[in-house]
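Thanks for making time this morning. I would like to take you through one model, beginning with the ligand and then moving on to the protein around it.

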Amino acid sequence: MQRRNFLKLSSLGLASFQLPKWTNAVQKPLVVSTWDSGMPVNAEAWKVLEQGGSALDAVEAGARYIEDTIDCCVGLGGYPDRDGIVTLDACIMDDKSNCGAVAGLERIKHPISVARKVMETTPHVLLVGDGAQKFALQNGFPLESGELSESGKKAYQKWLEKSQYKPEINIENKKGNGPFAPAFFEDGTANHDTMGLLALDQQGNLSGAVTTSGMAFKIHGRSGDSPIIGAGLFVDNEIGAATSSGVGEEVIRICGTHTVVELMRQGLSPEMACKKACERIVNRDPKKAATLQVGFLAINKKGETGAYAIQKGFVFSMKSNTENKINPSKFLL
Ligand code: SD4
């Protein structure tokens with residue numbers, strides 16, 4: 001401590017004041033995930049983390065849970081593309097920069113586990129479409145029926161009435177009550193909730209996973225940011241990890257999550273890094289950005305967390321030894 005500062009503290013009678021322990025403490029284990037639907041996802045991941053399991057196993061467990069349970073946006077219950085087919089995107093990345101991903105995967109229940117298989121048993125990072133499905137079948141993943149979920153059918157029927165090709169992720173209802181206003185179509189359905197989750201385990205290692213059915217009513221074959229390493233997910237075990245939700249094309253254009261992690265490397269907090277990434281999207285085309293939503297979520301090696309979105313309404317769920325809650329994200333517009 002500089003002498004001048006010491007004297008200042010002495011005069012306040014605080015010379016023996018010790019910095020609180022938490023200033024240097026790493027908050028671990030910890031799991032964060034996108035949206036309020038992340039609460040039960042975190043609970044699944046937590047079962048792994050609290051027993052000393054790896055962040056990698058934790059994020060896979062959380063992602064598998066949501067692939068099984070949610071309609072609209074993740075897994076086979078998700079909304080279809082404009083041909084009426086559900087195509088799934090997922091990726092996973094560990095603390096050693098190993099990564100695996102699948103895009104446009106049909107009729108397989110757990111794309112996140114296929115992504116992990118790609119990571120662990122092939123020399124590749126990303127498998128797409130038929131090839132990804134063939135790989136999944138060869139690895140023992142069962143082929144599910146291609147039938148849409150009830151809500152998927154309903155939403156698709158509604159969409160067919162106009163069949164308007166307007167690829168968009170709806171912005172959360174700004175008129176809703178408080179920060180957790182859901183994003184709903186007029187017919188009462190939502191078209192986002194891509195699950196991105198990031199975990200820091202007891203050993204201090206980071207991993208992340210993303211799983212989604214992607215943008216509803218997209219062109220068959222379209223991939224968003226979610227299975228693209230550096231766009232929908234990036235993990236650097238020295239620095240931190242980030243994930244995203246929203247209009248994937250905008251995230252891919254700025255290599256969104258890689259950008260967030262690199263900004264954290266330069267010393268920015270997770271929240272500020274996410275904010276800067278959002279600003280890049282908005283500055284490129286402010287008019288367009290006003291019509292769309294993108295949210296980033298990040299954690300750093302110290303277990304600090306933060307998020308930022310273009311529009312109001314993005315939230316993230318967080319679980320640690322001391323917290324289990326939904327946090328509203330700040331926003332730009
Ligand atoms: C995509 N980023 O396919 C995904 C969609 C999403 O919440 O995040 N929805 O572009």
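Starting with Thr 194, a polar atom of its side chain lies 2.9 Å from an oxygen atom of the ligand, and I should say straight away that this is a predicted model. On the side of the ligand's nitrogen, the partner is Asp 225, where an N or O atom of the side chain is 2.6 Å from a nitrogen atom of the ligand. The backbone takes part as well, since a polar backbone atom of Gly 248 is 2.9 Å from an oxygen atom of the ligand. The ligand has 290 Å² of accessible area on its own, and the protein covers 100% of it.

If we step back to the whole shell, 13 residues surround the ligand, and the closest include Arg 222, Ser 245 and Gly 246 alongside Thr 194 and Asp 225. Sorted by class, that shell has eight polar, three charged and two nonpolar residues.

Let me turn to Thr 243, which belongs to strand β8, residues 240-246. Is Thr 243 buried or exposed? Its relative accessible area is 0%, so Thr 243 counts as buried, the cut-off being under 20%. The side chain of Thr 243 reaches the backbone oxygen of Gly 232 at 2.9 Å.

Finally, the surface: Val 125, Leu 126 and Val 128 make a nonpolar patch of about 220 Å². Within that patch, Val 125 sits in the loop between α4 (111-121) and β4 (126-128), and with a relative accessible area of 37% Val 125 is partly exposed.

Definitions and conventions:
Residues are numbered from 1 along each chain as its sequence is written. This is a predicted model: local features need pLDDT of at least 70, side-chain atom pairs count only at pLDDT 80 or more; totals for chains, interfaces and linings use all residues. Side-chain values use heavy atoms; hydrogens and water are left out. A residue is near a molecule or strand if one of its heavy atoms lies within 4 Å of it. A polar contact is a pair of N or O atoms within 3.5 Å; within protein, one must be able to donate a hydrogen and the other to accept it, and residues adjacent in sequence count only if both atoms are side-chain atoms. Accessible areas come from the Shrake-Rupley method with a 1.4 Å probe; for residues, only the protein chains shown count as cover. Ala, Val, Leu, Ile, Met, Phe, Trp, Tyr, Cys and Pro count as nonpolar, Asp, Glu, Lys and Arg as charged, and the others, Gly among them, as polar. Patches are made of residues with over 30% relative accessible area and no salt bridge: like charges are joined within 9 Å, nonpolar side chains (Val, Leu, Ile, Met, Phe, Trp, Tyr) within 5 Å. A salt bridge is a side-chain nitrogen of Lys or Arg within 4 Å of a carboxyl oxygen of Asp or Glu. Helices (H or I, at least four residues) and strands (E, at least two) are DSSP runs, numbered from the N terminus. Buried means under 20% relative accessible area, exposed over 50%, partly exposed in between (1.4 Å probe, protein chains only).
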